Amino acid sequence: MDNPALWRDTIRALRFFSRLPLPALPGESDPHAAPDLARLMPAVPLAGLVLGGLAGIVLIVAAGLWPPTVAAILCVAAAVAMTGAFHEDGLADTADSFGGWSVEQRLTIMKDSRIGTFGASALILGLSLRVAAIAGLLAAAGAGRAALALAAAGAVSRTAALILAAHLPPARPDGAAHAAGVPTPEGFGRACLTAAGIALLAWPAAGFGGVIIALLAAAGLAVAAERFAVRHVGGQTGDIAGATQQAVEIAVLLTLLMFA
């Protein structure tokens with residue numbers, strides 16, 4: 001990476017999206033301060049590429065030792081551990097919020113650290129679909145190509161989730177979405193172009209047509225998530241962004257599997 005600023009921003013984005021033990025950058029006073037998404041937006045696809053790529057490495061190693069299903073489970077487990085279930089928590093909270101009858105109730109439910117029936121069901125279904133899709137890609141395309149598809153899905157899904165922050169105001173003034181800053185639509189557009197380029201890593205597994213359909217599925221889900229957030233809570237929250245990332249990653253992996 002020739003751009004030092006982009007390299008530093010990628011480290012910051014990885015620190016935000018994961019629990020990886022990353023060192024403080026030179027001149028950085030508070031490594032764990034709230035991120036500025038307006039600045040980090042171009043680095044988000046690269047952070048997703050790294051996280052997806054690391055999960056892909058686990059898949060390659062595990063596939064050499066165990067059957068596809070076991071390797072896929074270990075791959076997903078590694079991905080969850082790397083991020084501290086960051087996005088999965090958003091998926092569970094968003095699912096639980098369907099139990100609220102008003103915007104205020106839904107936002108209160110999302111802040112509750114406890115997981116309800118809706119949240120637990122969403123986690124089980126989401127994790128199961130990811131394991132099944134990865135195991136299918138492993139069997140159909142091989143470990144190396146499946147790992148590249150994981151790297152592509154990591155970049156595309158995290159970029160797609162940024163549509164909420166780029167287009168919607170925070171649903172509450174004290175949430176993580178408010179503290180993370182306001183990215184510009186132009187920055188989001190550049191991040192999308194970067195993610196689309198990274199998505200070509202899935203070409204060996206699913207072909208060019210599969211990559212294009214996967215990108216269209218990701219874009220459609222991102223737009224649907226934006227409209228859902230407006231109707232559901234009147235704006236964007238970190239939980240809905242996390243749920244969007246999970247939904248897009250699953251959709252991308254399943255679409256690639258169809259063409260593998």
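## Exercises: cavities in a predicted model

About 160 Å³ of space lies in the largest cavity of this predicted model. Let's work through what surrounds that space, then move on to its neighbour in the ranking.

**Exercise 1.** Find which residues sit closest to the centre of the largest cavity, and which elements line it.

*Solution.* Start with the lining: 19 residues make it up. Among these, Ala55, Ala79, Arg130, Arg158 and Glu249 come closest to the centre. Next, look for elements that give two or more residues: you should get α3 (44-63), α4 (68-83), α5 (86-96), α7 (117-141), α8 (143-160) and α13 (238-259). Finally, pick out the top contributor: α4 gives the most, with five residues.

**Exercise 2.** Sort the lining of the largest cavity into nonpolar, polar and charged residues.

*Solution.* Go class by class. Nine residues are nonpolar. Six are polar, and four are charged.

**Exercise 3.** How many cavities of 30 Å³ or more does a search of the whole structure find, and what is the volume of the second largest?

*Solution.* First, the count: the search turns up two cavities that meet the cut-off of 30 Å³ or more. Then the volume: the second largest has about 60 Å³.

**Exercise 4.** Describe the lining of the second largest cavity by residue, element and class.

*Solution.* List the residues: Ala152, Ala153, Val156, Ala199, Ala202, Val211, Ala214, Leu215, Val252 and Leu256. Now check the elements that supply two or more of them: α8, α12 (203-233) and α13. Last, the classes: 10 residues are nonpolar, with no polar and no charged ones.

Technical notes. Residues numbered from 1 in each chain as written. Predicted model: local features only at pLDDT ≥ 70, side-chain atom pairs only at ≥ 80, totals over all residues. Heavy atoms only, no water. 1 Å grid on protein atoms, 1.4 Å probe; cavity = no way out; pocket = protein on both sides within 12 Å on 5 of 7 lines; lining within 4 Å. Points joined across faces, edges and corners; volume = space filled by probe spheres on them. Helix = DSSP H or I, 4+ residues; strand = E, 2+ residues; numbered from the N terminus. Nonpolar A, V, L, I, M, F, W, Y, C, P; charged D, E, K, R; others polar.
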